[in-house]
Amino acid sequence: MSDLRTRADSPTAAVLRLAQPPVRRFAPGVFFGLVSALSSVGLLATSAWLITRAAEQPPILFLGAAIVGVRAFALLRAASRYVERLSSHDAAFRQLSALRIGIYRRLVPLAPDGLRGDAGGPGRGDLLTRLVSDVDELQNLPLRVVQPLVVTVLTAVLSVIGVSIVLPSAGVTLAVALVLAFVAAAVVQSAIAGRAERSIAPLRGVLSDRLLDYVSNLDVLVAYDAVPERMTRVEAADTGVRVATLARAGGAGATSAILSALATLASVAALLVGIPALGHGLQGPALTVIALVPLAIFEVVASAPLAVGAFRQVRSSAARVADATPAELPAELPEPGSGVDRRPTSSMVEMLGLGARWPGETAPAFDGLDLRVNRGDRIVIEGASGSGKTTLAHVLVRFLDYSGSYRIGGVEARELSADAVRGIVGLCEQSPYLFDEDIRQNLLFAHDTVTDDELLAVLARVGLAEWTRERGGLSARVGDDGALVSGGQAQRLALARALLADFPVIVFDEPTANVDPVRASELMRDILSVASDPHGEDSRTVIVISHTPVPDELVTQRVRLGAPALP
Amino acid sequence: MRPLDPRLLRYAAAARTFIGMGVVLGIVRTASTLAFCVLLSQAIVGAIGGRSLGELAPGILALAGVGIVRAGAIWAMDVASARGAATVKSQLRRRLVAGITRLGPGWLGTRNRVDVVTTAGPALDALDGYFSLFLPQIVLTAIATPLVIVTIFLQDVLSGILVVVALPLIPVFMILIGLATQAVQRRQWSVLAQLSSRFLDVVGGLATLKIFGRQHRQTARIATLTEDYRVETMKVLRLSFLSGFALELIGSLSVALVAVSVGLRLVDGSLALSVGLFVLLLAPEAFLPLRQVGANYHAAADGVAAAEDVFDILDAAMAVTAEAPATRGGTGSLVERELRFSEVSVRYEGRAAVDRFSAVIRPGRLTVLAGPSGSGKSSLLAALLGFVPSDGTIEIGDAVLVADRRSLTAWAGQGAPLLEGTISSNVSLGDAAPDLALVRRALDLAALAEVDPGIAVTVTGSGLSGGQGERVVAARAMYRALARHCPVVAFDEPSAALDRRAEAELLRGLRQLADAGYTVLVVSHRPAVIAAADDLIELGVVHV
């Protein structure tokens, strides 16, 4: 049982609570589920009574109620099951909205640097994909876990009460059988599934690693005559999984077999206590009812082990969600809601002894940076990979907290709200995110009151006029995650957004990282000249963080971001 | 979906064994169900007829025994399903890996590799549902349903007729409702797919939204799009749940009709109670397997759809003719050979990546193939190794066959990940008896003098930088060239992630190879590499 428990105050439980609809929405599904389950018990009970009573050849009038009951239960069972499924799905979907918003609220202060993945695990994109599918999986908590368990337990209790009224000792034997069934569902099922997961999951991991290794390198393996050797490794991993699965196969179906045996034994027990009672207060039709009813009840109870299995899955999804979105922010992130919402009077940026650390790291990514940036400056910050370039970019837009001093217009950034800082300092990310929408929507959210003509003018400024025309204008979609857009075009779209948002300071994080070398220098030149717009009346400050060389004539100042140990 | 794909039986022999077991266990299970119903109804009828518990004890004991046997049959069936699924998956997976190998890197290049791995791993696991929920029920339907119906007919013809009339309604309704659901789903598919990916889009773009101060507005948007998602999904569900409704209704109504008709005939004495009870207990059993088939149809269909991908790959692999084996391997000593491309074209889906390229790459020289991305440089190397189909001829000396060219070439691909093992095993890849001194020499040539060949490479990495990994790949080609005396050594962008000093060192290694008489071909657009070339071939972008 310990395997199933989730402490009420644990982060996983907090996530699970988000997924469970409130009682008033959840209740109709449970009600109709209960009606359906009781109808199927009632159908068998009334049929059994009807047939046995009919054999006593009473006037047909006495059977009228039972005949109506049999037909009514048959209809009610199917109809209420249909209504149950609809209302429980509807409730789960309604809850999905609250669930997603709840998770989103946890994500907002964390994104992008506070999200936790497994060390060496999937990249950020995969992490988010898994997070979102885990959130959707949580819908199964009300649908496949709570609802069936509540309905099953209520049906069992009500049936035991019903049978007890007919013959108390039969009620007791039925209750014992049902308790054993629930114990089997919870303990046996959970122990078997847990053992299988523990023994097989790591082997599956090995197999999938080796498969990926083999498939990704097939060209190399063919070219180096190494196919047989590596195929042997894949087959060995496959054998490992197969052998472990075969060894655990005995656990499969153990619970359903136990439930089936218990159903029979409950009927047998009812006969054993019922037959001696026959004629002493128990009539023939009632004996048939108590002997047959366990069969119908156990058919309902069969959903309990499935619910337990579903709970294991839901719980591990909830645990991953809780893990990825810690309720307590890492110390390296700015405290949400701190600072005042005030726009600094100037866009001068000063850094003094600035340093920052990535969440979960012990050493600072960079440290001791001194830099003063005046309006209209074009600064290039260079550094090898690992010298903390992206960290710096994220500090400048307050995704990360810092040590030392970072002032905007003379005000310490920490005293301003993060939104106020981002009103001044904008960032074009290394891989700009493009929403799965059209070009217009991908620009409008930066400044939602501009006209199409203004959007086209900005696109022309960043060198995307031709590209937009080729795609058929502003209503053209940029595709899933901007898949149909090259790295350079994505950077230009990001620049267009930054221009629309009219940030006085724009930071570029490795704008040429995903661009082929031939086009990189052209892109760099365009970015620097368009962004700073030296001929315009209000010249903008541009900070480019890059490891590729930038031509001197475009730059007013160069700074080298070194390893923290260097002076 | 076909309930039982003949390809499953063809490609996975274990599936046949499983179905054989299923038939035997299905018979045991049906027999014990029949015995259970007989014994239970007789015990009740006997008790009502006034017999004592002592007289009825043997029957009741047998009833318990039969119940245990039935539970045992259920368990055995589930165990057989789990074992069958594991064995079949293993057989299919091995065939799949062999099939992928036969189809080769060229075929893989047109696929998403992660998808292919998913097909061989998690997607095959979806067959578990097919094996545990669907196939046993299909077998049981084939065995139990006719047996039960015949038994009912033998006992009570009228009830038999009722069951036989109602039973075919199940597949009829399933199919009709299934078709209607499909139509609605098809109509709504794009709407649903879009709505379900929107939340991911908001979450994925959260950092961007924060930059523009738009993160606070999104909760309303999430609420709206989730509400739309609910409304659209419920439209589909209202229809698709009808199939479950039909299954339940037909099942329970037929039991009700049997009960009422039996009851009425009991009143006028035309039927015995033992028969009536027996038929009542048996009637649901006639419907149960088919109801299970219907209820698990979708889970099974998912599994079969996954298997479908596997079968498609296997069918494609069967259609490929194995390439001619190599007629010559590396020679005992290096023989200088030139590499000739004559009128070589490579096409991907009709688009020419390389158009009638001709060149002679000479031994003892460092030849650089330059050109912007998209000009077909890597395609030429792929054609040399036979990874993509090409027109024209590619020869190394007088060797024309793909397998021969391959055995005469040492190739270092671009951005190739390292294999699990050690640096040393990566460098000496394909050599059954690695020569450690030669590994050292290849690493030195590839400007990796400082690297310890014993470092382990795991899935999560090796602790090597990108540039070092790149040089290990180059060292691998050098090792092969030196160990097997492959006359042609080809490098694809070997210095893309190197700084200038490392690049210069690597170029010295390439120069040594050329001086030793190897035909060295380097694909690169780096100025330092181009400057070091003895011969330079520039490819332009191919215009269609």
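Start in chain A by selecting strand β1 (residues 349-356) together with strand β4 (residues 403-408), to which 5 antiparallel bridges join β1(A). The model you have open is a predicted one.

**Stop 1: the sheet in chain A**

Click on A:Met351. Across in β4(A), A:Tyr406 stands opposite A:Met351. Click on A:Leu352; the residue opposite it in β4(A) is A:Ser405.

Now add strand β2 (residues 366-373) of chain A to the selection. This strand runs antiparallel to β1(A), and 5 bridges join the two. On this side, the bridge partner of A:Met351 is A:Leu371 in β2(A).

Show the whole sheet. Its 4 strands lie in the order β2-β1-β4-β5 of chain A, with antiparallel pairing, and the sheet is open. Which strands stand at the edges? They are β2 and β5 (411-412) of chain A; each has a single partner strand, so one side of each has no neighbour in the sheet. Strands of a sheet pair through backbone hydrogen bonds, in either a parallel or an antiparallel way.

**Stop 2: the sheet in chain B**

Move to chain B and select β5, β8, β9, β3 and β10. These 5 strands, in that order, form an open sheet with parallel pairing. At its edges are β5 (409-412) and β10 (535-538) of chain B, each pairing on one side only. From one strand to the next, the twist averages 15°.

Look at one pair from this sheet. Strand β8 (residues 488-492) of chain B runs parallel to β5(B), and 4 bridges join them. One residue to click is B:Ala412, whose bridge partner in β8(B) is B:Phe491.

Next, add helix α13 (residues 377-384) of chain B. Helix α13 packs on the sheet and touches β3 (366-370), β5, β8 and β9 (519-523) of chain B. The direction of α13 makes about 145° with that of β8(B). Then add helix α18 (residues 500-515) of chain B, which also packs on the sheet, touching β3, β8 and β9 of chain B. The angle between the directions of α18 and β9(B) is about 150°.

**Stop 3: all of chain B**

Zoom out until chain B fills the view. Chain B has 19 helices and 10 strands. Its radius of gyration is 35 Å, whereas the globule rule gives 24 Å for 544 residues, so chain B is more spread out than a compact globule. Along the principal axes, its C-alpha atoms fill a box of roughly 110 × 60 × 45 Å. Of the 544 residues in chain B, 49% are buried.

**Stop 4: where the chains meet**

Show both chains. How many residues does each chain bring to the contact? Chain A brings 105 and chain B brings 103. Select helix α3 (residues 64-110) of chain A, which gives the most to the side of chain A that touches chain B, with 21 residues. Colour that side by residue type: it divides into 63 nonpolar, 22 polar and 20 charged residues.

**Stop 5: the nonpolar core**

In soluble globular proteins, nonpolar side chains tend to be buried together. The largest nonpolar core here has 351 residues. Select A:Ile290, A:Val507, B:Ala475 and B:Met478, the residues with the most contacts inside this core. Helix α3 (residues 53-109) of chain B gives the most to the core, with 20 residues.

Finish at B:Ala475. Leaving out residues up to four places away in sequence, B:Ala475 touches B:Val427, B:Ala442, B:Leu443, B:Leu445, B:Ala446 and B:Leu448.

Conventions
Residues numbered from 1 in each chain as written. Chains lettered and ligands numbered in written order. Predicted model: local features only at pLDDT ≥ 70, side-chain atom pairs only at ≥ 80, totals over all residues. Rg over C-alpha atoms; globule rule 2.2 N^0.38 Å. Buried ≥ 20, exposed ≤ 12 C-beta atoms within 10 Å, placed from the backbone. Contact = placed C-beta atoms within 7 Å. Nonpolar A, V, L, I, M, F, W, Y, C, P; charged D, E, K, R; others polar. Core = buried A, V, L, I, M, F, W, Y, C linked by C-beta atoms within 7 Å. Pairing = 2+ DSSP bridges. Axes fitted to C-alpha atoms, helices over the stretch in contact; angles between N-to-C directions.
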